[in-house]
Amino acid sequence: MLKGKKIILGISGSIAAYKACYLIRGLIREGAEVQVVITPAGKEFITPITLSALTSKPVISEFFAQRDGTWNSHVDLGLWADAMVIAPATAATIGKMANGIADNMLITTYLSAKAPVFVAPAMDLDMYAHPSTQKNLDTLRSYGNRIIEPGTGELASHLVGKGRMEEPENIIRVLDEFFSATPELQGKKVMITAGPTCEKIDPVRFIGNYSSGKMGFALAEECARRGADVTLIAGPVQMQARHSRIRRIDVESAAEMYEAASEHFRESDAAILCAAVADFRPVEAAGKKIKREKEGELTLHLQPTKDIAACLGREKKENQLLVGFALETDDEQRNAEGKLERKNLDFIVLNSLNDAGAGFRHDTNRISIIDREGRTDYPLKSKKEVARDIIDRLVKSL
């Protein structure tokens, strides 16, 4: 989907600047047209003549061309582009972008750009972790910029250190995903919970369930494919999210999932509560492994966990959509309708453990969607296909 796209590649002064050569080659191989804008510090790490040879275009660094004094218009350049990618982006460049310090051609072009902007940070771990850098990155996110960090969409190895510039092939993949997205959920923020929660009994035992997270992750991928920015709050699962529009937050307990869901629901257009959250947790978790020293019973005292769906249902605003799940074993219709009303859901997805091939640990599912107007039944399908059916219904409601 990059064929014919016009890409501004901004390069700042980092040792990772050499990766720009591989990024340019990959973009051109995909059919994109690349114009390089480099900072003065960037030229200390890679020569403009190398970059010009790769792009077949003069590299822009100064406001005036050195040979004939031609004015390089950052405004025209910003209007020309379909996307701007700043890779590598140093801490200094990120700080200037966040605070509008327009002291070089790259920053003035960024401030004039009408196209989406993608930023690939590159610095050592201490600089990356510093609160000022994180604040600047958060500011760029709030402006609508997309930050491409190592592991974005879990594409990169978890061994890659934070702060290190993401690999060129993954940056290209992020761009391709952006331009190939369908428009149904473009500009929407969707929060999804997935997987089980684990409630500790002692350091080695817990109360949990069989949820694999497959349904929730399929929903996240489908929302991202349709253009949404997805926050995926995942319990302990082995699944991986691949799409760059998915921001994953890992939690373990129901309390952690509640805190994360409450925080991110406020800024969401829709939330899909697919996680199998434990209804009860031990009143106290033992600090050491409980030993079986004698025959007899072990009594666990349990207390209810917070009802995430009910809490979010009370907080829901008129412009927000809340979707729940009901996994039932008996009296399914009545139980699902009861949850729909009690928790102020817009619709609820019912699946039953009585249906072969549905529910936990399967690659397939059979669902019914229930709202206040009735019920729609679907046949047994793969969870990817089920996700499409659910998101089709979501799109109609937004």
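Two strands are said to pair if DSSP finds at least two bridges between them. The exercises below apply this idea to a predicted model.

**Exercise 1. Determine the strand order of the five-strand open sheet and identify its edge strands.**

Step 1. The five strands of this open sheet follow the order β2-β1-β3-β4-β5, and their pairing is parallel.

Step 2. Each of β2 (33–38) and β5 (146–147) pairs on one side only, and these are the edge strands.

Step 3. Inside the sheet, β1 (residues 6–11) runs parallel to β3 (residues 83–89), and four bridges join them. Isoleucine 7 is found opposite alanine 83 in β3.

Step 4. Two helices lie across this sheet. Helix α5 (residues 105–112) crosses β1, β2, β3 and β4 (117–121) and runs at about 145° to β3. Helix α8 (residues 168–180) lies across β1, β3, β4 and β5, at about 160° to β3.

**Exercise 2. State how the chain is divided into domains and what distance separates their centres.**

Step 1. The domain assignment gives domain 1 as 6–180 and domain 2 as 189–289 + 297–397.

Step 2. Taken over C-alpha atoms, the centres of domain 1 and domain 2 are 37 Å apart.

**Exercise 3. Describe the eight-strand open sheet and explain why β10 and β18 each have one side without a neighbour.**

Step 1. The order of the strands is β10-β9-β6-β11-β14-β15-β17-β18, with mixed pairing.

Step 2. β10 (246–250) and β18 (374–377) are at the edges and have a single partner strand each, so one side of each is left without a neighbour in the sheet.

Step 3. On average, neighbouring strands of this sheet are turned by 20° against each other, direction ignored.

Step 4. The parallel part includes β6 (residues 189–194) with β11, over four bridges, and β11 with β14, also over four bridges. Alanine 271 of β11 stands opposite methionine 191 and opposite leucine 322 in β14.

Step 5. Antiparallel pairing occurs between β17 and β18, which four bridges join. Here aspartate 371 has glycine 374 in β18 as its bridge partner.

**Exercise 4. Characterise the surroundings of strand β15, starting from the burial of its residues.**

Step 1. A residue counts as buried when its relative accessible area is under 20%. In β15 (residues 347–352), six of six residues are buried.

Step 2. Phe347, Val349 and Asn351 point one way from the strand, whereas Ile348, Leu350 and Ser352 point the other way.

Step 3. β15 pairs with β14 (residues 321–328) in the parallel sense over six bridges, and phenylalanine 325 stands opposite valine 349. Between β14 and β15 the chain passes through helix α12 (residues 332–342), in a right-handed β-α-β crossover.

Step 4. β15 and β17 (residues 367–371) run antiparallel and are joined by four bridges. Asparagine 351 is opposite isoleucine 367 in β17.

**Exercise 5. Describe helix α13 and its contacts with the sheet.**

Step 1. Helix α13 (residues 383–397) has 15 residues and reaches 21 Å from its first C-alpha to its last, close to the 21 Å expected at 1.5 Å a residue.

Step 2. Its buried residues include Val386, Ala387, Ile390, Ile391 and Leu394, and also Lys383, Asp389 and Arg393.

Step 3. α13 packs on the sheet and touches β11 (270–273), β14, β15 and β17, its direction making about 15° with that of β17.

Step 4. In β11, Ala270 and Ile272 point one way and Ala271 and Leu273 the other, and all are buried.

Technical notes. Residues are numbered from 1 along each chain as its sequence is written. This is a predicted model: local features need pLDDT of at least 70, side-chain atom pairs count only at pLDDT 80 or more; totals for chains, interfaces and linings use all residues. Side-chain values use heavy atoms; hydrogens and water are left out. Domain bounds come from an automatic or database domain assignment. Buried means under 20% relative accessible area, exposed over 50%, partly exposed in between (1.4 Å probe, protein chains only). A crossover is right-handed if, with the strands pointing away from the viewer, the path from the first strand over the helix to the second runs clockwise. The expected span of a helix is 1.5 Å times one less than its number of residues. Axes are lines fitted to C-alpha atoms, for helices over the stretch in contact, and angles run from 0 to 180 degrees between N-to-C directions. Contact means heavy atoms within 4.5 Å.
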